[in-house]
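Q: I am new to this structure and would like a close look at one part of it. Could you walk me through the sheet and the residues around it, one step at a time?

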Amino acid sequence: MSYFRTNNVLALTAGQSGSLAKAWGILPASGATGTLTLERASFGTGSYTTINIAHLTPGIAFPCFVTSVSVTAGTVYVLA
């Protein structure tokens, strides 16, 4: 088990998208689907990487540098 400290949490539900300044990860709830867009690699010259939220384990924080989150079903928490 890991413990994470967070100062701000943004809950996104179906049909919503967004992000937080200084976001360091997301926490998908059970049944969450959508797209997670990560920061660019190579100091802003590479392409954006996207991850299907359904492939992440529900209830487990996924540490990453978040650019945006688009939720199609369920709830995803953006952690900052």
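A: Happy to! Let's start with one residue, T37. Leaving out residues up to four places away in sequence, T37 touches Y48, T49, T50, F65, V66, T67 and S68. Please keep in mind that this is a predicted model. T37 lies in strand β4. Is T37 buried or exposed? With a relative accessible area of 15%, T37 counts as buried, because the cut-off for buried is under 20%.

Now for the sheet itself. Four strands form an open sheet in the order β2-β7-β4-β5, and their pairing is antiparallel. At the edges are β2 (17-18) and β5 (49-52), each of which pairs on one side only. The antiparallel strands β2 and β7 are joined by two bridges, and S17 stands opposite S70 in β7.

One of the residues that T37 touches is S68, so let's go there next. S68 is found in strand β7. Its relative accessible area is 29%, which makes S68 partly exposed. Not counting neighbours within four places in sequence, S68 is in contact with G18, S19, T35, L36 and T37. What separates S68 from L36 along the chain and in space? They are 32 residues apart along the chain, while their C-alpha atoms are separated by 6.2 Å.

That brings us to L36. Again setting aside neighbours within four places in sequence, L36 is in contact with I26, T49, T50, I51, I53, L56, F62, C64, V66, S68 and V69. L36 also belongs to the largest nonpolar core, which has 16 residues. The residues with the most contacts inside this core are I26, L36, I53, V66, V69, V76 and V78. At least two residues of the core come from each of β4 (33-38), β7 (66-73) and β8 (75-79), and β7 gives the most, with three. In soluble globular proteins, nonpolar side chains tend to be buried together.

Finally, let's step back to the whole chain. The protein chain has eight strands and zero helices. Its radius of gyration is 12 Å, close to the 12 Å that the globule rule gives for 80 residues, so the chain is as compact as a globular protein of that length. Buried residues make up 29% of those 80 residues. Among contacts between residues at least 6 apart in sequence, 74% join residues at least 24 apart; the contact between S68 and L36 links residues 32 apart along the chain.

Key:
Residues are numbered from 1 along each chain as its sequence is written. This is a predicted model: local features need pLDDT of at least 70, side-chain atom pairs count only at pLDDT 80 or more; totals for chains, interfaces and linings use all residues. Side-chain values use heavy atoms; hydrogens and water are left out. A nonpolar core is a set of buried Ala, Val, Leu, Ile, Met, Phe, Trp, Tyr and Cys residues joined through side-chain atoms within 4.5 Å. Buried means under 20% relative accessible area, exposed over 50%, partly exposed in between (1.4 Å probe, protein chains only). Contact means heavy atoms within 4.5 Å. Two strands pair if DSSP finds at least two bridges between them. The radius of gyration is taken over C-alpha atoms; the globule rule is 2.2 Å times the number of residues to the power 0.38.
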